[in-house]
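Biologist: Before we discuss individual residues, I would like to hear the reasoning behind each label. Please set the values against the cut-offs as we go.

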Amino acid sequence: GPWWRSYRWTVVASAMLLMWIVGQVDKTHISLIIADKKFLDELQLVGHNAELGGLMTTFFGGYGVGIFLWGFLVDRFGPRRCAIAGTVMWCFFLFISSRVSGIYEYFAVRALLGFAEGNLWPVCNKLTNRWFPVYEHSRVQAVWLAGSTLGTAVGVPIVTSVMLANGWRGALVTLCSKYRMAERLMMHCGTMQRCPVRLDRK
């Protein structure tokens, strides 16, 4: 069959799956970090449970705003550019997270990280519409949404092992470097801006 039939599943669908796995690992790591004694001691957060919960609140606040704004950006600049921009921002804000010295500084970084990650839904929906016919939409959406569960499954042992080896700051730097894989794979989705045939048929 045409080259794009295999390309859309081996490259485009794989890129979306990887993005969701990475995104879920990103959501998972904070739940492990806030239980780390060294983290609590360094940021003087022992007994400050409300502030620890705020790290999740600020992230999802930024995430909600990000989904809305990224929708306009994806329509304007395309899913590939926005996916690459989003993963670059993930890496940058994760690295900044490893350098924070106070809780309010971390609040701001977490909100920006959430905003960056909010590109997942708009990017994957646009790539699905561009590269997959309507009768395959449910199938490919099941593939990239599975990344959410897979990300949690692999994220907990990965983050735990990296934290034990390198500490919480080292774990964030390590995750930052690993997220570049998603960026590199998204670069390959730019071979063509869209599938070369009409996909609006049933």
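Modeller: Let us begin with a cut-off: a residue is called buried when its relative accessible area is under 20%, exposed when that area is over 50%, and partly exposed in between. Please keep in mind throughout that this is a predicted model.

Biologist: With that cut-off, why is serine 98 called buried?

Modeller: Serine 98 has a relative accessibility of 1%, so it counts as buried, the limit being under 20%. Its place is in the loop between helix 4 (79–97) and helix 5 (103–117).

Biologist: What makes the link between serine 98 and phenylalanine 95 a polar contact?

Modeller: A polar atom of the serine 98 side chain lies 2.5 Å from the backbone oxygen of phenylalanine 95, and the limit for such a pair is within 3.5 Å. Leaving aside residues up to four places away in sequence, serine 98 touches Arg169, Leu172 and Val173.

Biologist: Why is the pair of phenylalanine 60 and tyrosine 63 called edge-to-face?

Modeller: The search of the whole structure finds 14 aromatic pairs. In the pair of phenylalanine 60 and tyrosine 63 the ring centres are 6.3 Å apart and the planes stand at 70°, so the pair is edge-to-face, given that centres must lie within 6.5 Å and that planes over 60 degrees apart earn that name. The two residues are 3 apart in helix 3 (residues 49–77), and are therefore separated by about one helical turn.

Biologist: Are phenylalanine 60 and tyrosine 63 buried or partly exposed?

Modeller: Phenylalanine 60, with a relative accessible area of 39%, is partly exposed, whereas tyrosine 63, at 10% relative accessibility, counts as buried. Elsewhere, ring pairs link Trp20, Trp121 and Trp144 into a cluster.

Biologist: What makes arginine 76 a charge over the ring of phenylalanine 77?

Modeller: Arginine 76 lies over the face of phenylalanine 77 at 4.9 Å from the ring centre, where the distance limit is within 6 Å.

Biologist: How do you know that helix 6 has the span expected of it?

Modeller: At 1.5 Å a residue, the 12 residues of helix 6 (residues 120–131) should span 16 Å, and the end C-alpha atoms are 16 Å apart, which agrees. Buried residues of helix 6 include Leu120, Val123, Cys124 and Trp131.

Biologist: How many disulfides are counted?

Modeller: The count comes to 0 disulfides, since a pair of cysteine sulfur atoms would have to lie within 2.5 Å. Cysteine 82, at 4% relative accessibility, counts as buried, and cysteine 124, at 0%, counts as buried too.

Terms used. Residues numbered from 1 in each chain as written. Predicted model: local features only at pLDDT ≥ 70, side-chain atom pairs only at ≥ 80, totals over all residues. Heavy atoms only, no water. Helix = DSSP H or I, 4+ residues; strand = E, 2+ residues; numbered from the N terminus. Expected span 1.5 Å × (residues − 1). Buried < 20%, exposed > 50% of the residue type's maximum accessible area, 1.4 Å probe, protein only. Phe/Tyr/Trp six-rings, centres within 6.5 Å; stacked < 30°, edge-to-face > 60°. Lys NZ or Arg CZ within 6 Å of the ring centre and 35° of its normal. Polar contact = N/O pair within 3.5 Å; in protein donor to acceptor, adjacent residues only side chain to side chain. Contact = heavy atoms within 4.5 Å.
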